[in-house]
Amino acid sequence: MGDETAIHDPDAVADRPDGPGRVTVACLQLNSGPDYEPNLRVVGDLARRAADGGARLIATPENVGVLATGRSRLLERAFPEPDHPGLAALRDLARETGAWMIVGSLPVLVETGRAASRCFLLTPEGKIAARYDKMHMFDVDLPGGETYRESATYRPGDAAVVAEAPWGAIGLSICYDLRFPHLYRDLAKTGAGILSIPSSFTEQTGRAHWHVLVRARAIETGCFVLAPAQVGRHDGNRRTYGHSLIVDPWGGVLADAGETVGVVTAELDLGRVAEARGAIAALGHDRPYALPAAPARAT
């Protein structure tokens with residue numbers, strides 16, 4: 001698969017001579033359509049703006065390269081990783097900007113008739129530092145008749161990933177993963193101080209749950225959270241919520257992109273991760289317990 005995937009070594013954080021340090025981060029908010037070229041043009045413009053503003057870590061949403069409705073249309077736009085035009089363009093962009101980049105997700109063809117929704121962490125040299133395949137498939141029937149079946153198109157991943165970056169370790173996830181808090185607890189326990197949650201939350205579920213869930217994952221883990229998102233109307237009349245968020249380890253919202261295409265930035269002081277976890281050390285307070293038995297029925 002090309003470059004080696006960099007999985008986090010817990011000892012590397014302790015050995016880092018300057019500590020986790022500070023970093024300016026950016027979340028791009030996009031309105032991706034069904035074709036790569038116009039989407040990547042907007043990504044390039046926003047990423048250059050973010051880099052010019054001092055961002056050294058730039059995060060992009062889920063479906064950053066293409067957002068197409070329908071299984072056949074999506075698979076037509078999926079490519080094997082070595083031949084993926086979207087990945088090649090974004091690796092070039094990382095080199096151009098000199099920033100680390102989180103590629104929220106691209107459809108990567110992995111077997112006949114199915115793709116992986118794959119996130120990449122890219123270095124400023126355009127190398128692939130880590131890969132993560134979305135594990136939880138968005139198979140839902142929402143009120144009002146809105147229905148999604150990601151498992152019909154995507155093969156779910158089966159491994160959590162934490163990757164090392166100069167300022168600290170980053171735990172990777174994608175969109176619907178947000179609803180599975182144990183994943184983020186495991187990422188934090190493995191050493192992540194930053195959680196990445198690139199998303200295409202629907203307008204309906206976003207209004208109901210987005211801010212609450214993103215802030216909860218930060219509070220539960222004592223991590224910074226980067227949650228870049230899609231916004232607006234897309235192919236097939238799909239609507240996404242927007243509100244890309246940068247959240248601190250105490251649950252405070254540092255930046256909210258609202259409901260327009262654009263970029264938001266914030267400076268992260270990774271020392272605040274240790275402060276939050278020192279104040280509420282819940283990550284070290286797990287206790288074993290027996291699972292509940294089935295409820296007894298009255299007789």
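I count a residue as buried when its relative accessible area is under 20%, and I keep to that cut-off throughout these entries on a predicted model.

**Entry: helix α5**

I began with helix α5, residues 181-189, and asked which of its residues are buried. The list I obtained is L183, Y184, L187 and A188. Looking down the axis of α5, I found that these buried residues fall within an arc of 130°, so they line one face of the helix. I then looked up what this buried set packs against, and found the strands β5 (128-133), β8 (161-165), β9 (168-172) and β10 (192-196), together with the helices α6 (203-221) and α7 (271-279). After α5 comes G191, and I noted that its phi is positive, near 125°.

**Entry: strand β1**

I went next to strand β1, which spans residues 22-29 and is mostly covered, with six of its eight residues buried. Which strands does β1 pair with, and in what sense? With β16 (residues 262-269) the pairing is antiparallel and extends over eight bridges, and in it L28 stands opposite V263. With β2 (residues 57-59) the strands run parallel and three bridges join them; here I found V25 opposite L57.

**Entry: two loop residues**

I looked up T123, which sits in the loop between β4 (114-122) and β5. Is T123 buried or exposed? Its relative accessible area is 10%, and it therefore counts as buried, since the cut-off is under 20%. Setting aside neighbours within four places in sequence, I found T123 in contact with A94, A99, W100 and A129.

I then turned to G251, which lies in the loop between β14 (245-247) and β15 (253-256). G251 is buried too, because its relative accessible area is 0% and the limit is under 20%. Again leaving out neighbours within four places in sequence, the contacts of G251 are R215 and I219. I also noted the separation of G251 from L213, which is 38 residues in sequence and 10 Å in space, taken from C-alpha to C-alpha.

**Entry: the largest pocket**

I looked up the largest pocket and found a volume of about 430 Å³. Its lining has 23 residues, and those closest to the centre of the pocket are A68, T69, G70, Y148 and R238. Which elements supply at least two residues each of this lining? I found α3 (71-76) and β7 (147-149), and the largest share, three residues, comes from β7. When I sorted the lining of the pocket by class, I obtained eight nonpolar, eight polar and seven charged residues.

**Entry: the enclosed space**

Finally I asked how many cavities of 30 Å³ or more a search of the whole structure finds. The search finds one, and about 70 Å³ of space lies in the largest cavity. I wrote down its lining as E62, K134, F138, E150, C175, Y176, R179, S200, F201, T202, T205 and R238. By class, I recorded four nonpolar, three polar and five charged residues around this cavity. I marked R238 for a second look, as it appears in the lining of the largest cavity and also among the residues closest to the centre of the largest pocket.

Technical notes:
Residues numbered from 1 in each chain as written. Predicted model: local features only at pLDDT ≥ 70, side-chain atom pairs only at ≥ 80, totals over all residues. Heavy atoms only, no water. 1 Å grid on protein atoms, 1.4 Å probe; cavity = no way out; pocket = protein on both sides within 12 Å on 5 of 7 lines; lining within 4 Å. Points joined across faces, edges and corners; volume = space filled by probe spheres on them. Helix = DSSP H or I, 4+ residues; strand = E, 2+ residues; numbered from the N terminus. Nonpolar A, V, L, I, M, F, W, Y, C, P; charged D, E, K, R; others polar. Buried < 20%, exposed > 50% of the residue type's maximum accessible area, 1.4 Å probe, protein only. Arc of directions from axis to C-beta. Contact = heavy atoms within 4.5 Å. Pairing = 2+ DSSP bridges.
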